[in-house]
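Ready for a few exercises on a protein chain? Have a look at what follows, try each task yourself, and then read the worked solution.

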Amino acid sequence: QVQLVESGGGLVQAGGSLRLSCAASGRTFSSYAMGWFRQAPGKEREFVAAISKSGGANTYYADSVKGRFTISRDNANNSMYLQMNSLKPEDTAVYYCAADLRGYGDYASRFRKDYDYWGQGTQVTVSS
């Protein structure tokens, strides 16, 4: 079992920044990949970013956030982060962190179906 808790959401003006955090507990944090997804009202939940279990250079981004968002993790503190810069109104959504426990090598998936555990979500609202 893995428990995930997101924090750091809020209301920000376009062009601003926010840093989301995801605190994990349960299984050894460094043994699984992690990802961020988001869901806007009336839309499907979509991939945002993912990071392999070791982190480092093994990070992956949706084209819509590449160059603006940065995913990272701190395995010593069982935490993952999403630094969001140059925010746009279209980034408004509930953001979810998720854990992929499959342990296949040192990579991370873009696909919702590969993630086993999800947090409750944190709301990010970007005003124009």
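**Exercise 1: contacts along the chain**

Among contacts in the chain between residues at least 6 apart in sequence, what percentage join residues at least 24 apart?

Solution. Before you start, note that this is a predicted model, where local features need pLDDT of at least 70, side-chain atom pairs count only at pLDDT 80 or more, and totals for chains, interfaces and linings use all residues. Residues are numbered from 1 along each chain as its sequence is written, and side-chain values use heavy atoms, with hydrogens and water left out.

Step one: a contact means heavy atoms within 4.5 Å. Step two: take the contacts between residues at least 6 apart in sequence, and you'll find that 60% of them join residues at least 24 apart.

**Exercise 2: the overall build**

Work out how many helices and strands the chain has, and compare its radius of gyration with the globule rule.

Solution. Start with the DSSP runs, numbered from the N terminus: a helix is H or I with at least four residues, and a strand is E with at least two. On that basis the chain has zero helices and eleven strands. The radius of gyration is 13 Å, close to the 14 Å that the globule rule gives for 128 residues, so the chain is as compact as a globular protein of that length. (The radius is taken over C-alpha atoms, and the rule is 2.2 Å times the number of residues to the power 0.38.) Next, the C-alpha trace spans about 40 × 25 × 25 Å along its principal axes. To finish, 45% of the 128 residues count as buried, where buried means under 20% relative accessible area, exposed over 50%, and partly exposed in between, with a 1.4 Å probe and protein chains only.

**Exercise 3: the disulfide**

Find which residues the disulfide joins, and say where they sit.

Solution. A disulfide is a covalent bond between the sulfur atoms of two cysteines. Here it counts as a pair of cysteine sulfur atoms within 2.5 Å. The structure holds one, and it joins C22 to C97, with an S to S distance of 2.1 Å. C22 lies in strand β3 (residues 18–26) and C97 in strand β9 (residues 93–100), so the pair ties together parts that are 75 residues apart in sequence. Now the torsion: about the S-S bond of C22 and C97 it is about 60 degrees, so the disulfide is right-handed. Both C22 and C97 are buried.

**Exercise 4: positive phi in loops**

Describe the backbone angle and the surroundings of N78 and S86.

Solution. N78 has a positive phi of about 55 degrees although it isn't a glycine. Its place is the loop between β7 (69–74) and β8 (79–84), and at 32% relative accessibility N78 counts as partly exposed. Turn to S86, also not a glycine, with a positive phi of about 50 degrees. S86 is in the loop between β8 and β9, and its 41% relative accessibility makes it partly exposed.

**Exercise 5: two loop residues**

Are Y115 and L101 buried or exposed?

Solution. Y115 sits in the loop between β9 and β10 (117–118). At 6% relative accessibility, Y115 counts as buried. Residues that Y115 touches, leaving out those up to four places away in sequence, include M34, F37 and A99. L101 is found in the loop between β9 and β10, and at 16% relative accessibility L101 counts as buried. Its contacts, with residues up to four places away left out, include V2, Y32 and D116.
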